[in-house]
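Subject: Structure for you to look at

Hello,

Here is the structure I said I would pass on. Please open it first, then read the notes below it.

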Amino acid sequence: MKTTKKKPLHQCQCHVCKNAPRSAEAKEHQAINQVISLLHEKGRRQFVGLLGLQWGRGGLERLHVITGLSHPTIRRGRAEVQRQERQAERNRVRKSGAGRQLVEKNSLRS
């Protein structure tokens, strides 16, 4: 049985979570990080990008502090949500040909 590793839960570094960890806003940040830990890289990017679009101005910086994702990653997710992707690419996590080389392919070269 193949087990998948969950991304470790990020602890929000905003002042609200540090000063009032039981507040409603802190619980919302914990829920966002909980969902992000369950997603693969593309889903994580697009989820945070969607939140950035909904939150508007200042959303990118807030999400960076809450999730720990980099600014370019959040921008890329925001662009992916806005752009219409072809149906074939929608379900892919990585671009075609990306990732590790097959072991058989490497052994043929030697």
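Please keep in mind that this is a predicted model. I searched the whole structure for salt bridges, and the search finds two. Side chains of opposite charge can pair when their charged atoms come close.

One salt bridge is between Glu 80 and Arg 45, whose closest N and O atoms are 3.0 Å apart. This pair links distant parts of the chain, as the two residues are 35 residues apart. Glu 80 belongs to helix 5 (residues 71-82), while Arg 45 belongs to helix 3 (residues 41-55).

Glu 80 also forms a salt bridge with Arg 76, with an N to O distance of 3.4 Å. Here both residues are in helix 5, and four residues, about one turn of the helix, separate them.

Are these residues buried or exposed? Glu 80 has a relative accessible area of 7% and is buried. Arg 45 is also buried, because its relative accessibility is 8% and the cut-off for buried is under 20%. Arg 76 is partly exposed, since its relative accessible area of 44% falls between the 20% and 50% limits.

Taken together, Arg 45, Arg 76 and Glu 80 are linked in a network of salt bridges. To find the network in the viewer, start at Glu 80, which pairs with Arg 45 and with Arg 76.

Regards

Note on methods: Residues numbered from 1 in each chain as written. Predicted model: local features only at pLDDT ≥ 70, side-chain atom pairs only at ≥ 80, totals over all residues. Heavy atoms only, no water. Salt bridge = Lys/Arg side-chain N within 4 Å of Asp/Glu carboxyl O. Buried < 20%, exposed > 50% of the residue type's maximum accessible area, 1.4 Å probe, protein only.
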